[in-house]
Amino acid sequence: MDERKAETPSVGLAAWNAHFSGLCGAATFMPVDPAGFRPTLASHAIGALHLARLACQRATIARAAPRGHPRGRRYDLLVLRSGRATLDHFGRTASLGPGDSVLCDGNAPLGLVIEAEAELMILQAPAALLNDHLPSPEHHCGRVVAAAAGLAAPAAAVMASLAERMAGGGGLPMADRVARHLLDMIATSYAMAFDPIAAGSSIVSSRFAAIKLFIEQHLRDPDFGSCAVAERLKLSPRYVRTIFAANDETVSGYILRRRLEECARQIADPHWRGHSITEIAFGWGFNSAPHFTRSFRDQFGTAPRDYRRDHQTHGPPRAPERRVTAQAEHWA
C-alpha cells in the first residue's frame with residue numbers, strides 16, 4: 001500500500017493549506033471560525049487512484065486555475081458523507097447533501113462552501129484512466145449524482161470501506177483491480193443519471209466542455225474575449241457561436257455572466273470584506289467600474305454595494321444560483 005500521509009498539522013492555517021495542497025492539489029481554506037478550525041485529512045493510494053478523507057468545520061475552499069501547463073490532467077470525484085455544501089464549478093452551482101457526489105476537473109477553478117461540519121471523500125483519478133471507464137468525463141463536471149441514483153450509494157460505501165481499511169493499517173491486495181472496479185461503479189452511476197442528456201451529441205458536448213474549461217482558466221485576463229476562444233482553440237467562430245446558441249447564450253454573454261458570478265461570490269464572502277468592490281471586479285477581468293456596476297445590476301437586480309451589505313450578514317457565502325435540472329439542461 002502506498003499511503004502518502006495521514007497526519008494533520010496542528011500549526012496555523014497557512015500550514016494546513018500547504019498540507020492539503022500537497023496531498024490533494026492547490027487549494028485555500030477560509031474557515032468561518034479560524035480559532036475553532038480543526039480539520040483532519042487522511043490520504044491513501046489505490047493503484048493509480050488516490051482517496052482522501054477530509055473532515056472540517058464551516059469554511060470556504062477555493063481553487064484557482066493552475067498556472068502554466070500542469071504535468072498531468074486529473075479529475076476529482078467529491079462525495080459528501082455528512083453535512084451540507086455548495087459547489088461552484090464549470091459555471092454550475094450544485095447543492096450537496098449526504099451521499100451526493102460530483103465530478104470536478106482538477107485543472108479548473110472550484111469553489112466549495114462547507115455550510116456545516118462535514119466529512120468529504122475525494123477520489124482523484126488521472127484523466128487517461130478515467131476516460132477508459134467514463135468517456136468524455138468533462139461533460140459531467142459540476143453535475144451532481146444524487147445519493148439515491150444508480151450505483152452512487154454502493155460506490156460511496158466501497159470508498160468509505162476502503163478508507164477505513166487503509167486507515168487501520170490493512171493492506172489492499174489487487175489494488176489495481178479494486179481501482180478499476182470502483183471506476184466502473186462510478187461510470188455506471190453517471191451513465192444511468194446522464195446518458196439521456198449526452199445521447200444527443202457527445203462530440204459537441206465534449207467540445208463545449210473543453211471551451212468552457214478554456215474560458216474558466218482565462219476569466220481573470222482583462223484582454224480575454226470571445227474572439228480569443230475560437231482563435232486559440234483553432235475552431236471557427238461560427239462553430240463556437242452555434243454551440244453557445246444551442247444553450248441560448250452568446251460566447252461574450254457567457255464570459256460576462258461567469259465573471260459577474262465570481263465577483264458576486266467574493267463580494268458576498270466575509271473573507272473579502274477588506275477588499276474594495278472595484279478591486280474584486282478588476283481581479284476578474286473588468287477594466288471599467290461603471291461598466292461592471294451596470295452589468296452587475298442587470299444580472300442580479302441590485303448594486304454591488306447593496307449585494308455585499310445584504311449577503312455578508314447571512315452566514316457563509318453562496319453563489320448566485322442559476323440552477324438547471326439534469327433533465328432540462330442539454331449542454332449547460
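On the side of helix H11 that faces away from its buried residues sit two exposed arginines, Arg-305 and Arg-309. The model is a predicted one, and H11, which spans residues 304–311, is a handy place to start reading it. Turn the helix around and the picture flips: Pro-304, Tyr-307 and Arg-308 are buried. Looking down the axis of H11, these buried residues fall within an arc of 100°, so they line one face of the helix. So what does that buried face pack against? Its neighbours are three helices, namely H8 (251–268), H9 (277–283) and H10 (289–300).

Helix H7, covering residues 237–245, can be read in the same way. Here Val-240, Ile-243 and Phe-244 are the buried residues. Because they fall within an arc of 95° when seen down the axis of H7, they line one face of that helix. The face pointing away from the buried side carries Arg-238 and Arg-241, both exposed.

Next come the strands, beginning with S10. This strand runs from residue 118 to residue 126, and 7 of its 9 residues are buried, which leaves it mostly covered. Which strands pair with S10? One of them is S3 (residues 49–56), which pairs with S10 in the antiparallel sense over 7 bridges. Within that pairing, Arg-53 stands opposite Met-121 of S10. Another is S5 (residues 74–82), also antiparallel to S10, this time over 8 bridges. There, Asp-76 is found opposite Gln-124 of S10.

Strand S5 leads on to S8, since S5 and S8 pair in the antiparallel sense over 5 bridges. Val-79 stands opposite Ser-101 in S8. Strand S8 itself takes in residues 101–105, and 5 of its 5 residues are buried. Is S8 covered on one face or on both? Both faces are covered: Ser-101, Leu-103 and Asp-105 are buried on one side, while Val-102 and Cys-104 are buried on the other. Strand S8 also pairs with S11 (residues 144–145), running antiparallel to it, with 2 bridges joining them. Ser-101 turns up again in this pairing, standing opposite Val-145 in S11.

Cysteines deserve a quick look as well. A disulfide is a covalent bond between the sulfur atoms of two cysteines. How many disulfides does a search of the whole structure find? The count is 0. As for where some of the cysteines sit, Cys-24 has a relative accessibility of 7%, so it counts as buried. Cys-56 has a relative accessibility of 2% and therefore counts as buried too. For both, the cut-off that matters is 20%, because buried means a relative accessible area under that value.

Finally, a step back to the whole protein chain. It has 11 helices and 11 strands. Of its 332 residues, 49% are buried. The accessible surface of the chain comes to about 15200 Å², and 54% of that belongs to carbon and sulfur atoms. Contacts can also be sorted by how far apart the two residues sit along the chain. Among contacts with a separation of 6 or more, 73% come from residues 24 or more positions apart.

Note on methods: Residues are numbered from 1 along each chain as its sequence is written. This is a predicted model: local features need pLDDT of at least 70, side-chain atom pairs count only at pLDDT 80 or more; totals for chains, interfaces and linings use all residues. Side-chain values use heavy atoms; hydrogens and water are left out. Buried means under 20% relative accessible area, exposed over 50%, partly exposed in between (1.4 Å probe, protein chains only). Helices (H or I, at least four residues) and strands (E, at least two) are DSSP runs, numbered from the N terminus. The arc is that of the directions from the helix axis to the C-beta atoms. Contact means heavy atoms within 4.5 Å. A disulfide is a pair of cysteine sulfur atoms within 2.5 Å. Two strands pair if DSSP finds at least two bridges between them. Accessible areas come from the Shrake-Rupley method with a 1.4 Å probe; for residues, only the protein chains shown count as cover.
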